[in-house]
Amino acid sequence: MVLSALPVVAALGLVTPGTAQAATACTPDVGGTGLSAAVVAHAGQTISGRDVDATGCDIGIYVGAGADHVIIRSTTVHDSGFQGIFAEKTSWLKISDSTVTGNGYGTIDPSAPPLPGSGVHSYVGQAFAISVFGVSHATISGNQVYDNGRGGIGVMDNGPFDPGALMSHQNPAAPLVPSSWVKVSDNTTWNNANGCGVVAATQNVGGSLSDITIRGNSIHGIGFQPAGPDIGGIVVAADLPGSTVNGADVSKNTVRDSFEGGLIVNAEAPGSKTIGVRLYDNVLSGNNVGFLEAPNTVGIITNAAPGAMNEGTQIYHNHISGQFWGVWSRGDLPPSLSRNDITVTTGGMPVSLS
């Protein structure tokens, strides 16, 4: 199961493959993605204090290749069909103190074939409220991200598979574009259906992420909503064969009542690897209420599929309560654990390693 795009979804009504009818103000086919955008940023631009109503467009704000040094701050982005803010193949990006809500409800389409691994019926692989795919030196901080249809904040690589573009607009000859030096901090997310609260995951064979910081975020799951479950959780994952996540710090986050595990480290496919992931000083309670990755509630999950590994994972100084398992780990190279404060529910175990 690809944890960055979980299979529990609800039919939201048919949409035309590709896009809804684009409003007059929408720029079509931005970056060759097949999607339209209400605002297309240019290099060095600051977008501040705006209300971006993306009704009729697929994307609220698009930041594409070569549009470096873009700043989005104190801006509200709402009602796009796919991504609220979509940045790809760019550098030196800042998204701060903004509100991203009501986006992504046009992505689920029962007429679309299920996506490999996740089972999501959609013509686009990923459509987080804030999608950052193939980006370096980026900061996403202090944002309110809620009531979106395909997850909260996603950090992914780019390449032959562009996770934010339509399936019909993929380029098998495109070079791999990693994401590196990305910081996701002090954001608040809730009620983002059918996707994780914050996820850093590879999406290409041989793709990579490095130097990822996920710090001080607050994720509050609210259960199953008409549009689907509020998945919540924070995920660090090497999802494709031969892909790597090298260096990720996940600290000082508060995650509670998520449909999936509170914190997840996952090496999903043969030859995939996470290296040096550190989980510390987090506060976790009541997570994995959907029993998605483990057969009961659990605060922290590490999982390595056959032929994959999580190398050098450290779990320390976390406060975990209201969980059947505090830490649940499967696969080779179990994590090192120290100084965690774990309180379990009746019959539970602080740690389960196998």
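# Briefing: fold, surface and salt bridges

For a chain of 354 residues, a compact globule would have a radius of gyration near 20 Å, and the value here, 18 Å, agrees with that. The model is predicted. Its secondary structure consists of 30 strands and zero helices. Salt bridges number four in the whole structure, and three of them are described below.

**Overall form**

- Taken along the principal axes, the box filled by the C-alpha atoms is roughly 60 × 40 × 40 Å.
- Buried residues make up 56% of the 354 in the chain.
- Of the contacts between residues at least 6 apart in sequence, 72% join residues at least 24 apart.

**Surface and charge**

- The exposed area of the chain is about 12,100 Å², and 56% of this comes from carbon and sulfur atoms.
- Negative side chains number 25 and positive ones 13.
- The centres of these two charge sets lie 9 Å apart.

**Salt bridge D249–R278**

- The side chains of D249 and R278 form a salt bridge with an N to O distance of 2.6 Å.
- This pair links distant parts of the chain, with D249 in strand β20 (residues 244–251) and R278 in strand β23 (residues 273–280), 29 residues apart.
- D249 counts as buried because its relative accessibility is 19%, and the cut-off for buried is under 20%.
- R278 has 27% relative accessibility and therefore counts as partly exposed.

**Salt bridge K273–E311**

- K273 and E311 form a salt bridge in which the closest N and O atoms are 3.7 Å apart.
- K273 lies in strand β23 and E311 in strand β26 (residues 309–311), so this salt bridge ties together parts that are 38 residues apart in sequence.
- K273 is partly exposed, at 26% relative accessibility.
- E311 is also partly exposed, with a relative accessibility of 33%.
- Strand β23 thus contributes R278 to the bridge with D249 and K273 to the bridge with E311.

**Salt bridge R256–D257**

- R256 and D257 form a salt bridge, with 3.7 Å between the closest N and O atoms.
- R256 has a relative accessible area of 36%, which means that this residue is partly exposed.
- D257 counts as partly exposed as well, at 31% relative accessibility.

Key: Residues numbered from 1 in each chain as written. Predicted model: local features only at pLDDT ≥ 70, side-chain atom pairs only at ≥ 80, totals over all residues. Heavy atoms only, no water. Helix = DSSP H or I, 4+ residues; strand = E, 2+ residues; numbered from the N terminus. Rg over C-alpha atoms; globule rule 2.2 N^0.38 Å. Buried < 20%, exposed > 50% of the residue type's maximum accessible area, 1.4 Å probe, protein only. Contact = heavy atoms within 4.5 Å. Areas by Shrake-Rupley, 256 points an atom, 1.4 Å probe, with all protein chains shown as cover. Lys, Arg positive; Asp, Glu negative; His and termini not counted. Charge placed at Lys NZ, Arg CZ, Asp CG, Glu CD.
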